[in-house]
Amino acid sequence: MIEDFVLQCPIPLDDNPTVQMGHGGGGRMTRDLIEKIFLPAFTNDLLAPLHDGAILPPVGGRLAFTTDSFVVRPIFFRGGDLGSLAVNGTVNDLAMCGARPLYLSAGFILEEGLPIKDLWRVVCSMADAASVAGVRVVTGDTKVVDKGHGDGIFINTAGVGVIETRLTIGPMSVRAGDAILLNGDIGRHGIAVMAEREGLEFESDISSDCAPLNGPVLALLDGGVEVHCLRDLTRGGLTSALIEISESANLPMRVEEESVSVQDGVRGACEILGLEPFSVANEGRFIAFVPAGEADTALRLLSSGAAVIGTVDPPGTQPPLVRVRTSLGTSRILDLPSGEQLPRIC
Amino acid sequence: MKYLDEYRDAATARTYAEAIARVTTRPWTIMEVCGGQTHAIVRFGIDTLLPPQISLLHGPGCPVCVTPLEVLDQAVDIAARPNVIFCSFGDMLRVPGSQSDLFQVKSNGGDVRIVYSPVDAVQIARENPEKEVVFLAVGFETTAPANAMAVHRAKEEGISNFSVLVSHVLVPPAMEAILSSRHNRVQGFLAAGHVCTVMGYTEYEPLARRYHVPIVVTGFEPLDILQGVYLCVRQLEEGRAEVENQYSRSVRREGNQPAQELIREVFTVVPRKWRGIGEIPASGLGLAPPYAAFDAARRFQVDSHHAEENPECISGLVLQGIKKPQECPAFGTKCTPTHPLGATMVSSEGACAAYYKYRRNETVERSPSAAVGGAAP
């Protein structure tokens, strides 16, 4: 909660209450920002030398490397904020490669006039998320753009992780007969952000599912499950994830609508707004493709909200379709939303 | 989930599907008027639960689809002006005008905003007195009361920087246009439950008598639609032509009278052009004379130049139930939701978009197991 947040900003507010162009100028003000905000928050021995880049120790295994940029409005929403999103998003992309996330970079583009206390809050949230996920922010960069040329704060994170499994995890490994697992209920992140942005009030509090996924993924791998493919459900939701993998693997899929858990509040909001829960964004959900015989083991290793939601079929029609069996026992095909999901008229 | 799951119960749906199959002895063609019903039918595969003798035709009740090109062009024209904040319901933004759409205006720097209620647009006008705030007031009788309320409130509070670009349409004249066409195939109607929540259903009674056609006021959940079809088929089989109310949990015969009074206060019945169909007499609402000052078309002096529909688009025939979306040669090839030729491919309630989204592989999708009685619980 915003009200509960105890502000411990190391830069006196009356001194520099907002970000100024000088903070990106490379001079004393930039130095101040690094020393008073970034270093205290992200403190670790790889970052401490403040060299042009971080020098990392050797790791035993293949590397996974990814990058993602984060631009959410509003910056703070129920269940998370831009900071936790920027860490978890990249951690999750690494986890989907079957990697153990190790190091992150953090690039900030700040808009002139951003309250320093907001920056501090975001940075603290990044530090907390990094600590939960067990990764370190080892290098970074800050730029400041003129007021009106940014949206408060944009963050880019890149991440490196080590792959300790011998499995090849990706759409090419998906096989007909694989079970499709989902690690929890869907749609909360998208609805929470939309509610905050549009000032919509629902009777139930819907909070983002934003969370790191390296824990559950490593639990599967360490538990010996032969994971064929992993995909986190972000923009485009479950719909995009299923269709993308189906197309890459060139295999059709079947999903049982009833087995996909959607919180009542999310369902209600989607009904009112004319949105499809399957296509709403998530930040802490993933699907895993595993051999059918290992589905029960995999479910035991995941959280209690996990479920088998469908199966991969043998090759058939072209292009391969993802079909949903509805609660009425009928079937429909799943289709990518053509752009942004738009609330409908009536 | 309360108020949702009870209307989506598989066992009850099967019971209704079986009951429909039992009473059906001949082929019947029934039109669901509202795009929301079309969406539910295709999304839940309700038509695949019906006996093969029943064909459902999709009606003109998609507000996004029937808003004429000229109005969209006017909207684009106004929205692109420098001092304007242009407000609209979300799904109007992607609808193509003859040259551009509101999303393009937005990406070119126009201040185009999605609102969830027209009253929000009035609030934006209150907060931005130096700007002209325009709301695109489209839709059927369902959205008319809220749109009327926005104008009424703006007048009461003297908010002079607010105006509406109106293209409201009415359901009964469109149904009459379909019934009186020589191409008509419709033998029974599922009337739009939310339109009737506002208007009641007395105005459908003369239509049922004159054209000897059963009209069942129907809701939007799978069981509502199945029950509506059941009531309609029973009337057809018994040779009756009455107005029945399936959606009694929301609709009363006389409708919502305060809402109707507000509509009558702010709007007046006018002839209206329907996209793809043409002009239908007395089929729309325009601002009544005391509210004429809030007419954006007049305030911005946008002329209603004639715009040509893409000749390859058959949306007019689809909206009148004469053709099904897949009968269009452009369906799924030249015309997709990302590159729509006509509005029925844009709105989530448009029949073409619904078929594209859930059914574009019809032959594959119509498996025998989904036929009556074969549906698993």
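**Close-up views of chain B**

**View 1. Helices H7 and H12 of chain B cross at roughly 55°.** In this predicted model, the axes of helix H7 (residues 144–156) and helix H12 (residues 257–266) of chain B come within 9 Å. Because angles outside the roughly parallel, antiparallel and perpendicular ranges count as oblique, H7(B) is oblique to H12(B). The crossing of H7(B) past H12(B) is left-handed.

**View 2. Here are the residues where H7(B) meets H12(B).** From H7(B), the contact takes in B:Ala144, B:Pro145, B:Ala148, B:Met149, B:Val151 and B:His152. Facing them from H12(B) are B:Ala259, B:Leu262, B:Ile263, B:Glu265 and B:Val266. Sorted by character, the residues of this contact between H7(B) and H12(B) comprise nine nonpolar, one polar and one charged.

**View 3. Five strands of chain B form an open sheet.** Follow the strands across and you will read the order S2-S1-S7-S8-S9, with parallel pairing. At the edges stand S2 (54–61) and S9 (243–245) of chain B; each has a single partner strand, so one side of each is left without a neighbour in the sheet. From one strand to the next, the twist averages 25°.

**View 4. Strands S1 and S2 of chain B pair in the parallel sense.** Zooming in on this pair, we find S1(B), residues 28–34, joined to S2(B) over six bridges. For one bridge to look for, start at B:Thr29: its partner in S2(B) is B:Ser55.

Methods: Residues are numbered from 1 along each chain as its sequence is written. Chains are lettered from A and ligands numbered from 1 in the order in which they are written. This is a predicted model: local features need pLDDT of at least 70, side-chain atom pairs count only at pLDDT 80 or more; totals for chains, interfaces and linings use all residues. Two strands pair if DSSP finds at least two bridges between them. Helices (H or I, at least four residues) and strands (E, at least two) are DSSP runs, numbered from the N terminus. Axes are lines fitted to C-alpha atoms, for helices over the stretch in contact, and angles run from 0 to 180 degrees between N-to-C directions. Angles under 35 degrees count as roughly parallel, over 145 as roughly antiparallel, 65 to 115 as roughly perpendicular and the rest as oblique. A crossing is left-handed if the near helix is turned anticlockwise from the far one by less than a right angle, and right-handed if clockwise. Two residues are in contact if their C-beta atoms, placed from the backbone, lie within 7 Å. Ala, Val, Leu, Ile, Met, Phe, Trp, Tyr, Cys and Pro count as nonpolar, Asp, Glu, Lys and Arg as charged, and the others, Gly among them, as polar.
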